[in-house]
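Hi,

Here is the structure I said I would pass on. Have a look at it first, and then read my notes underneath.

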Amino acid sequence: VTNRLARSAQNNGGTHTITPVESLLGRSGRRFLLGMIVQVEEGKYYLEDHTAQVPLNFSEASLLTDGFVTENSVVLIEGEAIDGVLHVHNMGSPIVENRLDSIKAIGLQNTDIFNSIGSLSEYEKLREQELEHGEDGMFVVLSDVYLDSPAVIEKIERMLEGYSDFNPLPIFVFMGNFTSKPLSSASEGTKAMISYFEDLANVICKFPNVANEGRFVFIPGPNDPGITGVLPRGPIPNYFTAALRSKVKNVMLASNPCRMRFFTKEIVFFRDNLVSKMRRNCLIEPRQDSNGQLSSHAIKTVLDQGHLSPLPLSTSPIYWQHDHALRLYPFPDALICGDRVEQYYETYEECDAINPGPFSNGFNFVVYRPVGETSGSQTKSDVELCEVP
């Protein structure tokens, strides 16, 4: 974040100096600080940087950017230290930069989480293939696919029928939860989940072309089988999907979050109840002059913070050895975040931010084309918010 600020100041002729927290002692007047909001004592929040901590007073704070401010957020603050307390006047998210600027700043190989592009020449070859074949690629993304609901199964069948004649077929991404309520870990719950995936397999097999040639990705939700409550979380255990994998040729059980590469494009899929978590943990009400959608605030928060879970660990525990899987720096080309709120799409700093909406409520889904159209050496994505009639 500090390096991004320095690059922004250099490019835009910025004159404001960031003051370290330890340097506030004995200084008067308004200062600009960068740090993380932490809760050192119950109900008492501090701004922390690499030098020190200082108590915060938000009573007169104004938010200058969209998004939620929560514990563990990195923020830019304009404030004044009085009697050992930093009184916040203005506050906002860190300055962001688009994917291309980040790659230019830190290097292509340092941004390739897949370790699949060894040099710029390989990247250019991928770009050529992307321009030639990329428009054929399409992702159909569903979230909250309740397999225990007959209505959901019926709508999935109708949706698959609509895509069964496509050539090439889209990649179908199903995000959990896969049941309307958590199932018990007892044998009855296990048998029920196995039967639900078998029902889905039977529906897919009604379209032999889809069963043999289609590619299906399953990303677990918060209540699905496996180790829950900690991010990132592993795939749904193979035991539950044996029938599905035996009948459908190309099934991938993915982690949550899941990253995919489409030629040079990086796409992040994530299933979490972000809006409700951030609303419960926000310290200051978000600005009201944005487009009014809480999804917009939530997705901008994770992108601004460069992390999929900028929340207190008591709310969203993390496996620290796998924390890198949650990072969003540099920005992906698309962040598709399944949440229990209305459909949402916005381009933010050249990143497609998408919420497909819950399929179980309204039968909503999203069609995402990473390369919707090409113009010379440039590509443009295409996003369509859909509903099964």
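Below is what turned up when I went through it.

Before anything else, keep in mind that this is a predicted model.

**Cores**

Let's start on the inside. The largest nonpolar core has 40 residues, and the ones that touch the most other members are Ile156, Met159, Leu160, Phe174 and Phe365. Quite a few elements give two or more residues to this core: the strands β8 (139-143), β9 (171-175), β10 (215-219) and β18 (364-375), along with the helices α4 (150-163), α5 (187-204) and α6 (208-213). The top contributor is α5, which gives eight residues. There is also a second core, separate from that one, with 26 residues; Met278, Ile299, Val302 and Ala353 are among them.

**Strands**

If you want an easy place to get your bearings, try β2 (residues 44-48) and β3 (residues 53-57). These two strands pair in the antiparallel sense over three bridges, and they form a hairpin with four residues between them. Within that pairing, leucine 47 stands opposite valine 54 of β3. β3 has another partner too: it pairs with β7 (residues 85-92), this time in the parallel sense and over two bridges. There, leucine 56 has leucine 86 of β7 as its bridge partner.

**The largest pocket**

Next, the open space. The largest pocket has a volume of about 850 Å³. Its lining is made up of 34 residues, and those nearest the centre are Leu100, Arg127, Lys265, Asp333 and Glu350. Two or more lining residues come from each of α2 (99-106), α3 (120-133), β16, β17, β18 and β19 (378-387). With five residues, α3 gives the most to this lining. What mix of residue classes does the lining of the largest pocket have? It comes to 13 charged, twelve nonpolar and nine polar residues. Note that β18 shows up here as well as in the largest core.

**Backbone oddities**

A few spots in the backbone are worth a click. For background, most peptide bonds are trans, and most residues other than glycine have a negative phi. Here are the exceptions I noted:

- Asparagine 167 and proline 168 are joined by a cis peptide bond, with omega about 0 degrees. Proline 168 is in the loop between α4 and β9.
- Glycine 176 and asparagine 177 are also joined by a cis peptide bond, with omega about 5 degrees. Asparagine 177 is in the loop between β9 and α5.
- Phenylalanine 263 is not a glycine, yet has a positive phi of about 55 degrees. You will find phenylalanine 263 in the loop between β12 (258-262) and β13 (265-271).
- Glutamate 350 has a positive phi as well, near 65 degrees, and is in the loop between β16 (344-348) and β17 (351-355). Glutamate 350 counts as exposed because its relative accessibility is 57%, and you met this residue above, in the pocket lining.

**Cysteines**

How many disulfides are there? The count is zero. Cysteine 258 is in none, and the nearest cysteine sulfur, in cysteine 337, is 13 Å away. Why is cysteine 282 without a bond? The closest cysteine sulfur, again that of cysteine 337, is 17 Å from its own, so the two are too far apart for a bond; the cut-off is 2.5 Å. Both cysteines count as buried: cysteine 258 has 5% relative accessibility and cysteine 282 has 18%.

That's what I have for now. Shout if something is unclear.

Cheers

Definitions and conventions: Residues numbered from 1 in each chain as written. Predicted model: local features only at pLDDT ≥ 70, side-chain atom pairs only at ≥ 80, totals over all residues. Heavy atoms only, no water. Buried < 20%, exposed > 50% of the residue type's maximum accessible area, 1.4 Å probe, protein only. Core = buried A, V, L, I, M, F, W, Y, C linked by side-chain atoms within 4.5 Å. Pairing = 2+ DSSP bridges. 1 Å grid on protein atoms, 1.4 Å probe; cavity = no way out; pocket = protein on both sides within 12 Å on 5 of 7 lines; lining within 4 Å. Points joined across faces, edges and corners; volume = space filled by probe spheres on them. Nonpolar A, V, L, I, M, F, W, Y, C, P; charged D, E, K, R; others polar.
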